[in-house]
Amino acid sequence: MVAVNRVYIAQLAGLPVFGPDGEPIGKARDVVISLRIDRQPPRVLGMVVELVTRRRIFVPMLRLTSIEPNAVTLATGSVNLRPFHQRVNEVLVIGEVLDAKIQLADGGTAIVVDAAMELTRTRDWRMVRVAARQRTGRFSPKGPVQVWRWEDIGGLSVNEIAGQPQGAQQLVAVFEGMRAADVANALHELPPKRRYEVADALDDERLADVIEELSEEDQKDVLAHLDEERAADILEAMNPDDAADLLAGLAEGTKDRLLELMEPEESEPVRRLLEYSFDTAGGLMTPEPIILTPDATIAEALARVRNPDLTPALASMVFVCRSPSATPTGRYLGCVHIQRLLREPPFDLVAGVLDTDLARLPPNASLSDVTRYFATYNLVCAPVTDEAEHLLGAVTVDDVLDHLLPDNWRETGLSHA
């Protein structure tokens, strides 16, 4: 039995979805409706659920036993795990209807901020209400949010949604708090028009984080949509190794123009990475690991690894080198694992606890050599040095996995038994 008869759809985004025995299935990401030719409320077909593998599947509304304010529960039975693909005349409420402009009976317009679906007597769900903020004039402040019946509005046919320019404030608000990888997965599922509108609405840092999680084809698609000045700004905000991977797949002329538009201090490490083949340690590494001089204390090292912007793999190890501390550094002296840092007095020097025996990777080490290195030493981060013992960067296990997995792994998710 469904717990409530009216549900505001934007409030569902991110809710946990559970199986009939209480086992976690994934998260609710969107609701699919089928628009009608007449002015009757559209039928709600089902929900898009994102599994823990990031694969998005379609769950028909009949398979839902309850929709609570804090969770959605599925009925007993098997779930089709094939990836969700949007069909003709199907519309994603969160992805496409939010931020759309509707026409009101009095000739005014409003911008959709949410939509409500209701359970009918025939046990069908219909999208019967639209919550929207009316625009009272071109230069006037935004009006209050009001709720209209579906029959009293216009402007939400498939062609109108596909053709009208939309803002993306409400959709970006839904994405707020989501991991960049989840936002990237959502963008991949959106029609190109909405994908570009969201890209335009996101700030540079957030968009850079999201682009790093997109597939190569989606990365190129979004970057091509941006003007070159903003594309260069996004590349500056990305991790240098991710920016280098993206640039390496572009036409030479485009790549050179974007590198010229980047600030020199931002483009220089990217240019260095582009000198290496993508499937070598030099092409895989980040030039910005945690680097300390030998007179740094354990407390300083721990403060550096607490940086929330670091990935867990990159935060697992600090590297100690002679000045300069930027790559390529002075002479590489050794590394300290985070477990060792946690066991030592905070005011001792990192120079006293160095691991000097750990093998280093040369920049021309192949992908298979790097993979064997991680398997041999049970590490998630490894130093890359040149022949003169300068630290060039560090390879992390997540970068290795990105190159070992199939090209389309971000779209297909993990396989299921």
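1. Which helix gives the most residues to the lining of the largest pocket? That would be α16, with five residues. Before going further, a word on what you're looking at: this is a predicted model, where local features need pLDDT of at least 70, side-chain atom pairs count only at pLDDT 80 or more, and totals for chains, interfaces and linings use all residues. Residues are numbered from 1 along each chain as its sequence is written, and side-chain values use heavy atoms, with hydrogens and water left out.

2. Start with the overall picture. The protein chain has 17 helices and 18 strands; helices (H or I, at least four residues) and strands (E, at least two) are DSSP runs, numbered from the N terminus. Its C-alpha trace spans about 75 × 50 × 40 Å along the principal axes. Of the 417 residues, 49% count as buried, meaning under 20% relative accessible area with a 1.4 Å probe and protein chains only (exposed is over 50%, partly exposed in between). Take the contacts (heavy atoms within 4.5 Å) between residues at least 6 apart in sequence: 59% of them join residues at least 24 apart.

3. Back to that pocket. On a 1 Å grid over the protein atoms alone, a pocket is an open set of points with protein on both sides within 12 Å along at least five of seven lines, while a cavity is a set where a 1.4 Å probe fits but cannot get out; lining residues have an atom within 4 Å of a point. Grid points are joined across faces, edges and corners, and a volume is the space filled by probe spheres set on the points. The largest pocket holds about 1,300 Å³. It is lined by 41 residues, and E212, E213, N239, D309 and T311 are the closest to its centre. Elements that give two or more residues to this lining are α4, α6 (204-212), α8 (228-237), α9, α16 (397-404) and α17 (409-412).

4. What is that pocket lining made of, in nonpolar, polar and charged residues? The split is 17 nonpolar, six polar and 18 charged. Here Ala, Val, Leu, Ile, Met, Phe, Trp, Tyr, Cys and Pro count as nonpolar, Asp, Glu, Lys and Arg as charged, and the others, Gly among them, as polar.

5. Now for the closed spaces. There are three cavities of 30 Å³ or more, and the largest has about 140 Å³ of space. Sixteen residues line that largest cavity, with R29, D30, R56, F175 and A186 nearest its centre. β3 (24-34), α1 (93-97), α3 (169-175) and α4 (180-189) each give two or more residues to the lining, and α3 gives the most, with three. By type, the lining has eleven nonpolar residues, one polar and four charged.

6. Have a look at helix α9 (residues 240-248) too. Seven of its nine residues are buried, so the helix is largely enclosed by the rest of the structure. The buried ones are P240, D241, D242, A243, A244, L246 and L247.

7. How many disulfides are there? Zero, where a disulfide is a pair of cysteine sulfur atoms within 2.5 Å. C321 can't form one because the closest cysteine sulfur, in C335, is 10.0 Å away, too far for a bond. C381 is in no disulfide either, with the sulfur of C335 the nearest at 8.6 Å. C321 is buried at 1% relative accessibility, and C381 is buried at 0%.
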